[in-house]
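Work through the exercises below with the sequence and the coordinates open. Each task is followed by a solution in steps.

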Amino acid sequence: MQMPIGVIVNSLAVLIGGFFGAVLGDKIPERLRVALPLTFGAASMGMGIVYIVKMNTLPAVVFALVLGAAIGELIKFEKGIAWCAVRVQKPISRIFKNSGSIKDEKEFIQQFVAILILFSASGTGIFGALKEGMNADHSVLLAKSILDFFTAGIFATGLGYIVSTVAVPQFVIFMTLFFSASAILPMTTPAMVADFTALGGMIMLATGLRISGIKAFPIANMLPGLILVMPISHLWTTFIH
């Protein structure tokens with residue numbers, strides 16, 4: 001049985017990065033807090049392009065992305081994740097007092113919700129966990145771990161030690177996806193996996209644009225496309241292509 005190396009490393013990166021960020025606090029220069037997210041976004045976009053070129057069936061991937069995004073918008077998937085994040089934040093904040101520089105409660109909650117979604121429900125993370133479960137490819141999650149380590153550190157300068165606790169829901173979600181993908185793998189073909197990889201790359205590209213502040217794509221609402229793309233790819237290649 002394969003080990004979820006990427007999932008474990010990614011969760012540890014958030015845990016340790018958040019701890020060191022809270023310890024260092026204001027010792028991290030402001031210019032780094034502003035500049036590094038732009039670099040994180042560029043890295044995510046580059047990763048997305050690498051996976052998009054693996055595409056097998058362009059119409060199937062585009063159709064799955066559009067249909068999945070429409071479903072996500074209709075069911076307000078991203079807003080639902082934000083609602084859950086607020087509910088998770090309240091009991092955690094009683095244990096971990098706001099030790100960071102952010103004192104305004106509304107701003108504190110908004111930033112905590114943002115990092116909970118970024119680390120636990122981003123397109124890159126969900127795609128990475130599924131990909132690792134399917135073919136033991138740790139590369140997406142290992143690359144994400146490098147970004148998350150520094151991102152957690154930057155956020156922790158303002159939010160404090162509570163950032164490290166995000167590693168817990170992240171680990172649970174990614175492990176669930178990892179084992180689900182292992183069960184799905186026997187029913188897939190190389191073409192289906194290639195199209196799944198390409199759609200994940202598109203979401204990673206959109207994630208990079210959002211992290212960089214270029215365009216606030218509703219990333220979470222695109223995630224249903226990852227569920228749809230392989231069946232659509234199979235039907236397309238079987239009956240149309």
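Helices (H or I, at least four residues) and strands (E, at least two) are DSSP runs, numbered from the N terminus. The model is predicted, so local features need pLDDT of at least 70 and side-chain atom pairs count only at pLDDT 80 or more, while totals for chains, interfaces and linings use all residues. Residues are numbered from 1 along each chain as its sequence is written, and side-chain values use heavy atoms, with hydrogens and water left out.

**Exercise 1. Overall layout**

Task: State how many helices and strands the chain has, and what share of its residues count as buried.

Solution. Step 1: the secondary structure comes to 11 helices and 0 strands. Step 2: read along the sequence, the pattern is α-α-α-α-α-α-α-α-α-α-α. Step 3: apply the burial cut-offs, with buried meaning under 20% relative accessible area, exposed over 50%, and partly exposed in between (1.4 Å probe, protein chains only). Of the 241 residues of the chain, 48% count as buried. Step 4: take a contact as heavy atoms within 4.5 Å. Among contacts in the chain with a separation of 6 or more, 87% come from residues 24 or more positions apart.

**Exercise 2. The nonpolar cores**

Task: Find which residues of the largest nonpolar core touch the most other members, and which helix gives the most to this core.

Solution. Step 1: define a nonpolar core as a set of buried Ala, Val, Leu, Ile, Met, Phe, Trp, Tyr and Cys residues joined through side-chain atoms within 4.5 Å. Step 2: the largest such core has 39 residues, and those touching the most other members are Phe127, Phe196, Leu199, Ile203, Leu226 and Val229. Step 3: the elements that give two or more residues to this core include helix 2 (30-52), helix 6 (123-135), helix 9 (190-211) and helix 11 (224-239). Helix 9 gives the most, with 8 residues. Step 4: look at Phe127, which, apart from neighbours within four places in sequence, is in contact with Tyr51, Val140, Phe196, Thr197, Gly200, Met204 and Leu226. Step 5: a second, separate core has 13 residues, among them Val14, Ala22, Leu159 and Val166.

**Exercise 3. Helix 1 against helix 8**

Task: Describe how helix 1 and helix 8 pack, giving the angle and the distance between their axes.

Solution. Step 1: fit the axes as lines to C-alpha atoms, for helices over the stretch in contact, with angles running from 0 to 180 degrees between N-to-C directions. Step 2: helix 1 (residues 5-24) and helix 8 pack at about 170 degrees, with their axes 9 Å apart. Step 3: classify the angle (under 35 degrees roughly parallel, over 145 roughly antiparallel, 65 to 115 roughly perpendicular, the rest oblique). Helix 1 and helix 8 are therefore roughly antiparallel to each other. Step 4: list the contact, where helix 1 uses Val7, Ile8, Asn10, Ser11, Val14 and Leu15, and helix 8 uses Ala167, Gln170, Phe171, Phe174, Met175 and Phe178. Step 5: sort by class, counting Ala, Val, Leu, Ile, Met, Phe, Trp, Tyr, Cys and Pro as nonpolar, Asp, Glu, Lys and Arg as charged, and the others, Gly among them, as polar. The contact has 9 nonpolar, 3 polar and no charged residues.

**Exercise 4. Salt bridges**

Task: Locate the salt bridges and say whether their partners are buried or exposed.

Solution. Step 1: require a side-chain nitrogen of Lys or Arg within 4 Å of a carboxyl oxygen of Asp or Glu. A search of the whole structure finds 2 salt bridges. Step 2: Lys131 pairs with Asp137, with the closest N and O atoms 3.9 Å apart. Lys131 is buried at 6% relative accessible area, and Asp137 is partly exposed at 22%. Step 3: Lys144 pairs with Asp148 at 2.5 Å, N to O. Lys144 and Asp148 are 4 residues apart in helix 7, so about one helical turn separates them. Lys144 is buried at 4%, as is Asp148 at 5%.

**Exercise 5. Loop residues**

Task: Place Lys76, Ala136 and Thr188 in their loops.

Solution. Step 1: Lys76 lies between helix 3 and helix 4 (77-95). Lys76 has a positive phi of about 55 degrees although it is not a glycine, and is exposed at 52%. Step 2: Ala136 sits between helix 6 and helix 7. Ala136, also not a glycine, has a positive phi of about 60 degrees and is partly exposed at 31%. Step 3: Thr188 is in the loop between helix 8 and helix 9 and is buried at 16%. Leaving aside neighbours within four places in sequence, Thr188 is in contact with Val193 and Met230.
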